[in-house]
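Let's take a walk through this structure, beginning with the ligand and then moving on to a pair of helices. Keep in mind that you're looking at a predicted model.

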Amino acid sequence: MKTPKNTKTAARKSARADSGAKTLAIDIGGTGLKACVLDDEGEMITERLRVETPANCPPAEMVEILAELVAPFGEYDRVSVGFPGVVRRGKVVTAHNLGEEAWKGFNLDLALTKKLHKPVRVLNDADIQGLGAIRAKGVELVITLGTGLGSSLFEDGRLCAHLELAHHPFHKGRTYEEELGKVALEKVGKRKWNRRVSKAIETLRNLTCFDHLYLGGGNTKAVKMELPPDVSLVSNELGMRGGIWLWRERGHGSTDIFRKADAHAVPGDDAQS
Ligand code: BGC
């Protein structure tokens with residue numbers, strides 16, 4: 001299908017007027033679909049709505065469910081979407097926890113632009129969580145512990161090429177996601193899972209030499225260990241609030257690389273030390 005360029009260009013133009021703009025933030029998770037509206041500072045100005053993610057949900061059905069979920073919000077100017085897989089220029093490359101085959105190559109950005117009649121930007125969910133969490137100082141690694149395992153890496157606030165640690169070998173031939181994802185937590189229990197998290201922190205420290213590591217995602221509530229001073233837990237809300245950064249400064253002219261321009265504290269991320 002040919003890209004309706006006019007729809008997208010008009011949509012993008014209308015998104016440029018930033019001041020006072022309201023951003024609809026959507027977080028597509030392997031377990032839940034969440035949405036809220038953010039003000040231009042990234043503060044939530046509506047309640048957060050959530051529905052369960054249907055198992056192996058195909059793209060067309062997902063678009064319908066999301067449109068229904070966000071219908072009560074009424075007014076918003078633009079849309080940020082966190083997706084649980086690799087996304088390049090709006091198109092899905094991988095979707096491990098959603099039923100991969102049906103999703104490969106799907107232009108989620110375009111489908112939602114057409115459905116919601118607003119400009120849409122889609123990025124990996126851990127990248128968005130990271131944009132919300134980081135201080136834009138030094139090397140910052142973000143790991144999300146949820147249904148899957150998300151990862152993003154930043155240098156001085158600039159998002160590096162998407163880092164897909166989830167499916168990388170971690171221990172005895174099993175991947176990070178197999179050892180630390182939701183299924184593993186349920187299977188081995190909190191104690192053993194916490195030992196694995198601790199081991200992963202040290203492995204990732206050696207891999208990236210991070211200045212700071214942020215742990216986010218719904219399963220951080222199961223983290224029961226004392227964390228090193230350069231590791232902190234961040235609120236899961238940042239998975240939506242980070243969406244504001246998709247409409248801010250961009251680095252290196254790429255549509256996939258975002259830069260968080262200035263170091264600043266993100267209001268409300270209380271879990272962060
Ligand atoms: C995907 C990542 C995603 C993570 C969290 C993994 O299975 O490969 O891209 O960030 O789950 O949703």
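Start at the ligand, which has 18 residues around it. The closest are Pro84, His96, Gly148, Gly150 and Ala166. If you'd like to see which elements give two or more residues to this shell, look at helix H5 (125–133) and strand S9 (149–155).

What kinds of residues make up the shell around the ligand, by class? Ten are polar, five are nonpolar and three are charged. The shell also draws on both domains: domain 1 (5–125) and domain 2 (128–247) each give at least three residues.

Now for the helix pair. Two packed helices are described by the angle between their axes and the distance between the axes. Here, helix H2 (residues 59–70) packs with helix H4 (residues 108–116) at an angle of about 40°, and their axes are 10 Å apart. An angle under 35 degrees would count as roughly parallel, so H2 and H4 are oblique to each other instead. As for handedness, H2 and H4 make a right-handed crossing.

Which residues do the meeting between H2 and H4? From H2 you have Pro59, Val63 and Ala67, and they meet Leu108, Ala111, Leu112, Lys115 and Leu116 of H4. Sorted by class, this contact of H2 with H4 has seven nonpolar residues and one charged residue, with no polar ones.

Definitions and conventions: Residues numbered from 1 in each chain as written. Predicted model: local features only at pLDDT ≥ 70, side-chain atom pairs only at ≥ 80, totals over all residues. Near = placed C-beta within 6 Å. Helix = DSSP H or I, 4+ residues; strand = E, 2+ residues; numbered from the N terminus. Nonpolar A, V, L, I, M, F, W, Y, C, P; charged D, E, K, R; others polar. Domains from an automatic or database assignment. Axes fitted to C-alpha atoms, helices over the stretch in contact; angles between N-to-C directions. Parallel < 35°, antiparallel > 145°, perpendicular 65-115°, else oblique. Left-handed = near helix turned anticlockwise from the far one by under 90°. Contact = placed C-beta atoms within 7 Å.
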